[in-house]
Amino acid sequence: MKGEYYQKVAFIGLRNPDGTMTFNVPLYVKITEVDKNGVPESQRDLMTQISEIMIKRYEKQISAYFTSLKKGEDENETSIVSDGV
C-alpha cells in the first residue's frame, strides 16, 4: 500500500464565519508519486503554478495596502495645510 504524501506550497489567510481572519494557514498539494528528490516533475509544475498565482495575489494586496496608506498621508497633509499649520 502506497502512502499519501503532501507538499506545502503556500501559506494563506482564511476568513472565519464571524468575519475575522485566520492567517498563516498552510496550503498543501497531494503528491501521488515521489521521486528520489521527493517531488515528480508534474507536481513541481503544479506547485510552481500555484505559487505564481499566490505571489500575484499577494502583490496586488500589498500594492492596495500601500496605496491606501499613501492616500491617508496625502489627506493628512492636505488637512494640515488647510488648517493653516
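Is Y6 buried or exposed, or does it fall in between? Y6 is partly exposed, because its relative accessible area is 47%, where buried means under 20%, exposed over 50% and partly exposed in between, with a 1.4 Å probe and protein chains only. Before going further, note that this is a predicted model, in which local features need pLDDT of at least 70, side-chain atom pairs count only at pLDDT 80 or more, and totals for chains, interfaces and linings use all residues. Residues are numbered from 1 along each chain as its sequence is written, and side-chain values use heavy atoms, with hydrogens and water left out.

Let us start with the overall layout. The protein has one helix and two strands, and along the sequence they follow the pattern β-β-α. Here helices (H or I, at least four residues) and strands (E, at least two) are DSSP runs, numbered from the N terminus. Of the 85 residues, 12% count as buried. Y6 itself lies in strand β1; Y6 and K30 are 24 residues apart in sequence, yet their C-alpha atoms are 4.4 Å apart in space.

Now turn to the largest pocket, with a volume of about 290 Å³. A pocket is an open set of points on a 1 Å grid over the protein atoms alone, where a 1.4 Å probe fits, with protein on both sides within 12 Å along at least five of seven lines; lining residues have an atom within 4 Å of a point. The volume is the space filled by probe spheres set on the points, which are joined across faces, edges and corners. β1 (5–15), β2 (21–31) and α1 (41–82) each supply at least two lining residues, and α1 gives the most, with four. The lining includes F11, F23, M54 and R57, and its residues divide into six nonpolar, three polar and one charged.

N24 also lines this pocket and sits in strand β2. Although not a glycine, N24 has a positive phi of about 60 degrees. N24 is exposed, because its relative accessible area is 60%.

Y58, another lining residue, leads us to the surface. Together with I62, Y65, F66 and L69, Y58 forms a nonpolar patch with about 500 Å² of accessible area. Such a patch joins nonpolar side chains (Val, Leu, Ile, Met, Phe, Trp, Tyr) within 5 Å, from residues with over 30% relative accessible area and no salt bridge. Within the patch, I62 belongs to helix α1 and is partly exposed, with a relative accessible area of 47%.

Technical notes: Ala, Val, Leu, Ile, Met, Phe, Trp, Tyr, Cys and Pro count as nonpolar, Asp, Glu, Lys and Arg as charged, and the others, Gly among them, as polar. Patches are made of residues with over 30% relative accessible area and no salt bridge: like charges are joined within 9 Å, nonpolar side chains (Val, Leu, Ile, Met, Phe, Trp, Tyr) within 5 Å. Accessible areas come from the Shrake-Rupley method with a 1.4 Å probe; for residues, only the protein chains shown count as cover. A salt bridge is a side-chain nitrogen of Lys or Arg within 4 Å of a carboxyl oxygen of Asp or Glu.
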